[in-house]
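Reader: I should like to learn how to read the local and overall features of a protein model. Could we take them one at a time, with the general idea first and the case afterwards?

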Amino acid sequence: MKRVSLPVVSAQHYRGAVEGELWELRPAAVAGSFSARSQPTDDSPEAITKLAVSMLQTPADFPTVFEAIVPGDHVALAVDPNVPRISDVLRGVLALLGQANAGKVSVVLWNEADEALVTRLQQELDAVQANQTTLKPMKVEVVRHEPHRRENLRYIVADENAEAVYLAKDLVDADFTLPILSARSRDAINNVDPTGIFPLFADAATQHRYQIGSTTEPSEAAWLLGVQVMMLVSADAAGELGRLIAGTPDALRHELANLYASGETADQESWDRDESAITSDAISETVPTAEMVVAALDGDENSQTWANLARAAIAAGRHVTPAGTIVIWSQVRTPPGPVWLRELGQSPIGIESDPDQSDASQDNDEEEEDDSGTADLEPSNPAKLDQDTAFKSWDAETPLARQWSQLIADGHVLLHCQLDDDVVESLGMGVIHSIEELRTLGTRLSGAGVLRAAHYHTESIVAFSMTDEEVEP
């Protein structure tokens with residue numbers, strides 16, 4: 001697959017173009033006791049596949065996964081679609097499952113995955129499975145989690161408010177569930193479920209309650225699923241697979257906590273150590289700031305999504321000074337969907353607005369304003385409600401879009417992408433076309449910073465109840 005990366009490969013390239021301190025932050029990399037065996041020998045698909053098999057054979061604090069699977073078992077993979085080199089990682093997982101003679105494999109992706117990714121993965125994994133020698137053919141199915149469709153969900157537990165929690169049926173029905181996640185160090189400090197199961201694979205109503213702060217993770221959810229081991233994949237500065245580890249959720253959560261404590265300072269290999277020792281007082285040792293922050297969506301085409309644009313902007317917002325400039329550098333070419341158009345201030349394309357419905361919607365929003373000041377979000381089209389369950393057909397990306405919208409309202413945000421300028425400008429952002437324009441912009445400022453693979457610098461799921469004060473260290 002074609003790789004996409006910011007042409008500026010290091011903050012060093014800005015020297016001379018921007019006055020003052022320059023810094024670069026890379027995604028937190030797996031460190032500690034896992035370092036020696038968690039890195040592929042090279043970036044070839046074969047090396048990554050071999051690493052995935054090796055890590056599942058020797059996970060941290062857990063026996064080999066091979067022995068945990070009985071021939072004919074239904075295995076579910078709960079997958080973050082932003083995992084670097086996801087196809088090659090899944091090839092390795094299927095290789096081991098084939099050796100264990102699993103009967104069926106369900107690859108369940110987060111809802112933010114698009115149909116193109118689902119189709120491509122299905123084709124690639126079918127080809128992998130066809131070339132494996134097993135006692136019995138292993139059925140592989142790739143699906144996207146649909147949180148508002150009752151027929152695709154199973155009841156699992158009640159939360160602390162006695163509200164029913166449903167999860168993706170393939171995860172509940174499986175004999176063995178293996179989460180595969182991108183390593184995001186902020187997930188640890190925000191106490192996001194280390195398995196990634198909750199609330200990302202929950203029903204829409206549960207996701208909504210979680211994101212407005214009216215429910216927290218039912219600690220039994222992952223336990224009831226029988227999640228005993230998981231995989232964690234960290235990205236390097238180019239958005240490629242840097243490290244891959246497997247182990248129990250507790251072991252990997254401890255690793256994530258260590259990453260959060262040291263990741264944003266210890267892995268900045270591009271910094272000049274001597275110069276960083278004399279940084280100005282305006283730049284925090286642990287959370288550096290600058291007048292201009294460039295947030296790059298390094299990685300393959302799977303990374304070029306609107307959800308990741310928002311994650312990159314949120315990450316940059318934690319480092320930019322007041323009234324500073326955020327530059328998001330991407331190769332996104334897909335137009336924004338209705339959620340993004342609505343939250344960024346534009347009506348969905350092709351949908352005529354009805355004044356009566358708009359007034360009614362506004363009245364409903366006012367009536368449903370909760371104590372925290374956050375409106376109980378309704379879907380943009382009430383007809384999309386599942387009439388059997390009344391699950392809200394709202395999108396879990398809404399909090400991402402809303403925080404991004406707030407950043408646009410509060411400051412100067414420029415976007416580099418493959419869309420027409422008028423599309424970007426209609427969403428309240430400026431457009432930047434080239435590195436030359438970026439350098440020209442930099443000469444007017446007193447400092448700059450770069451977030452490489454910026455979509456891995458923020459949490460996997462953003463909740464409305466989280467404020468900057470609550471999530472910052």
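Reader: Where is Ala453 found?

Author: Helices (H or I, at least four residues) and strands (E, at least two) are DSSP runs, numbered from the N terminus. Ala453 is found in the loop between strand E16 (448-451) and helix H16 (468-471). Its phi is near 45 degrees, a positive value in a residue other than glycine.

Reader: Is Ala453 buried or exposed?

Author: Buried means under 20% relative accessible area, exposed over 50%, and partly exposed in between (1.4 Å probe, protein chains only). Ala453 counts as buried because its relative accessibility is 0%. Another residue with a positive phi, although not a glycine, is Asn101, at about 60 degrees. Asn101 sits in the loop between helix H2 (86-99) and strand E4 (104-109).

Reader: What kind of model is this, and how should its confidence be read?

Author: This is a predicted model, in which local features need pLDDT of at least 70 and side-chain atom pairs count only at pLDDT 80 or more, while totals for chains, interfaces and linings use all residues. Residues are numbered from 1 along each chain as its sequence is written, and side-chain values use heavy atoms, with hydrogens and water left out. The score pLDDT is the predictor's confidence in each residue, from 0 to 100. The protein averages a pLDDT of 77, and 73% of the residues score at least 70. Among the elements, strand E3 (residues 74-79) has the highest mean, 97, and helix H9 (residues 273-276) the lowest, 32.

Reader: Over which residues does pLDDT stay under 50?

Author: One such stretch is residues 1-19, for which the model has 61 contacts beyond four places in sequence; contact means heavy atoms within 4.5 Å. Residues 347-389 also stay under 50, with 40 contacts of that kind in the model.

Reader: What does the secondary structure of the protein come to, and how many of its residues are there?

Author: The protein has 16 helices and 16 strands. Of its 473 residues, 55% count as buried. Among contacts with a separation of 6 or more, 77% are between residues 24 or more positions apart.

Reader: Which residues have the most contacts inside the largest nonpolar core?

Author: A nonpolar core is a set of buried Ala, Val, Leu, Ile, Met, Phe, Trp, Tyr and Cys residues joined through side-chain atoms within 4.5 Å. The largest has 72 residues, and those with the most contacts inside it are Leu77, Leu97, Leu109, Ile180 and Met231. Helix H2 supplies the largest share of this core, 7 residues. A second, separate core of 38 residues includes Ala313, Ile326, Ile328 and Leu400.

Reader: Why is H6 described as largely enclosed?

Author: Of the 8 residues of H6, 7 are buried, so the rest of the structure largely encloses this helix. Its cover includes strand E7 (164-168) and helix H13 (398-410). At the N-terminal end of H6, Asp203 acts as a cap, with a side-chain oxygen 3.1 Å from the backbone nitrogen of Ala205. Pro199 lies in the loop between helix H5 (185-189) and helix H6 (204-211), and a cis peptide bond joins Phe198 to Pro199, with omega about 0 degrees.

Reader: How is a pair of aromatic rings described?

Author: The description uses the distance of the centres and the angle of the planes. Rings of Phe, Tyr and Trp (its six-membered ring) pair if their centres lie within 6.5 Å; planes under 30 degrees apart count as stacked, over 60 as edge-to-face and the rest as tilted. A search of the whole structure finds 5 aromatic pairs. The ring centres of Phe198 and Tyr210 are 5.9 Å apart and the planes stand at 90 degrees, so this pair is edge-to-face. Both Phe198 and Tyr210 are buried. Trp340 and Trp404 also form an edge-to-face pair, at 6.1 Å centre to centre and 70 degrees between the planes. Trp340 lies in helix H11 (residues 338-343) and Trp404 in helix H13, so the pair ties together parts 64 residues apart in sequence. Ring pairs link Trp306, Trp340 and Trp404 into a cluster.

Technical notes
A polar contact is a pair of N or O atoms within 3.5 Å; within protein, one must be able to donate a hydrogen and the other to accept it, and residues adjacent in sequence count only if both atoms are side-chain atoms.
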